[in-house]
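Subject: Structure handover and notes

Hi,

Here is the structure I promised to pass on. Please open it alongside this email.

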Amino acid sequence: EMPYCSIFTGAQPAFLATTLPEQAWGMGFMSRSILVWGTPPPRRSIFAASEIDLKLQADLIHDLKIIFNSHGWMKWTTPAQRLYDSWWVDHGGIPIPKHKRLAMGYNGRREVQILKLSMIYALAEINTTQEHLFVDQHHVAEAIKTLLEVESQMVHIFNEMAATGAMVAMEDVIDQVRNRSAENKDMPEA
């Protein structure tokens, strides 16, 4: 009746820096995106034997089937509503990210991010598709904690993007100089 689509994807900051114009950060898609800064995986030998955890694999498949088949309205318990209202309505969702790219549109959509994350935490706990879909206080608390942790790391993404953007601009200038030199053409006045 009222479908909602979520996308889970990955991209390197360098890709974002070279494909998205600055204005994109205040518009629809990127202002609705939660950017997660990943840490590099630990170094491991490619020769070391690794075993597949078959129980974990079976549990994941089981859980994904339940989540896939879950549908309907999610109800919020009164304690969940109170915590949400306290954090968002009464206190303004503090701390508010200060980075200019987040201030362009993302900050105005943080309310929806908390709602989505709360529902994800609630879905992660259901055991059968027959259960009622409830968001409880601890789901909202985990959602707030996760969002604040992720937001505190977003600056790393933007810093890497800025470095990439500066490098790309410098490479463009160097390429122009090389091309003009090879063609024996004068460089235009700056």
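Below is what I found, from the overall picture down to single residues.

**Confidence**

This is a predicted model. Mean pLDDT for the chain is 80, with 84% of its residues at 70 or more. Helix α4 (residues 78–90) has the highest confidence, at a mean of 96. Helix α2 (residues 28–31) has the lowest, at 71.

**Overall layout**

The chain has seven helices and two strands. Reading from the N terminus, the order is α-α-α-β-α-α-α-β-α. Of its 190 residues, 23% count as buried. About 14,200 Å² is exposed, and carbon and sulfur atoms supply 59% of that. Take the contacts between residues at least 6 apart in sequence: 75% of them join residues at least 24 apart.

**The core**

The largest nonpolar core holds 27 residues. Within that core, W25, L35, I114, M154 and F158 have the most contacts. Helices α4, α5 (100–106), α6 and α7 each give two or more residues to it. Helix α7 gives the most, with nine residues.

I114 is a good place to start looking. Beyond its neighbours within four places in sequence, I114 is in contact with Y84, W87, A143, I144 and L147. Two of these partners, Y84 and W87, are also on the list of buried residues of α4, together with A80 and W88.

**S118 and its surroundings**

S118 sits in helix α6. Is S118 buried or exposed? It counts as buried, at 0% relative accessibility. The S118 side chain reaches back to the backbone oxygen of I114, at 2.8 Å. Leaving aside neighbours within four places in sequence, S118 is in contact with W76, V135, H139, V140 and A143. A143 therefore turns up in the contact lists of both I114 and S118.

V135 appears in one more pair. T78 and V135 are 57 residues apart in sequence, yet their C-alpha atoms are 9.5 Å apart in space. T78 lies in helix α4. T78 counts as partly exposed, at 44% relative accessibility.

**Salt bridges**

How many salt bridges are there? The count comes to two. Side chains of opposite charge can pair when their charged atoms come close.

The pair R110 and E151 forms one of them, with the closest N and O atoms 2.8 Å apart. This pair links distant parts of the chain: R110 is in helix α6 (residues 110–123), E151 is in helix α7 (residues 137–182), and 41 residues separate them. Both R110 and E151 are buried.

D59 and K55 form a salt bridge too, with the closest N and O atoms 2.9 Å apart. Both lie in helix α3 (residues 54–69). They are four residues apart, about one turn of the helix. D59 is partly exposed, with a relative accessible area of 34%. K55 counts as exposed, at 57%, because the cut-off for exposed is over 50%.

K55 has a second partner to check. The side chain of D53 reaches the backbone nitrogen of K55 at 3.2 Å. D53 is in the loop between α2 and α3. D53 is partly exposed, with a relative accessible area of 45%.

**After α4**

Two backbone details are worth a look here. G92 follows α4 and has a positive phi, near 75 degrees. I94 and P95 are joined by a cis peptide bond, with omega at about -5 degrees. P95 is in the loop between α4 and α5.

**Where to look**

For a quick tour, try these views:

- The core around I114, with its contacts to Y84, W87, A143, I144 and L147.
- S118 and the backbone oxygen of I114, 2.8 Å from the S118 side chain.
- The buried pair R110 and E151.
- K55 with D59, its salt-bridge partner, and D53, whose side chain reaches the K55 backbone nitrogen.
- The cis peptide bond between I94 and P95.

Keep the pLDDT in view when you read helix α2, at a mean of 71.

Best wishes

Methods:
Residues are numbered from 1 along each chain as its sequence is written. Side-chain values use heavy atoms; hydrogens and water are left out. pLDDT is the predictor's confidence in each residue, from 0 to 100. A salt bridge is a side-chain nitrogen of Lys or Arg within 4 Å of a carboxyl oxygen of Asp or Glu. Buried means under 20% relative accessible area, exposed over 50%, partly exposed in between (1.4 Å probe, protein chains only). A nonpolar core is a set of buried Ala, Val, Leu, Ile, Met, Phe, Trp, Tyr and Cys residues joined through side-chain atoms within 4.5 Å. Contact means heavy atoms within 4.5 Å. A polar contact is a pair of N or O atoms within 3.5 Å; within protein, one must be able to donate a hydrogen and the other to accept it, and residues adjacent in sequence count only if both atoms are side-chain atoms. Accessible areas come from the Shrake-Rupley method with a 1.4 Å probe; for residues, only the protein chains shown count as cover.
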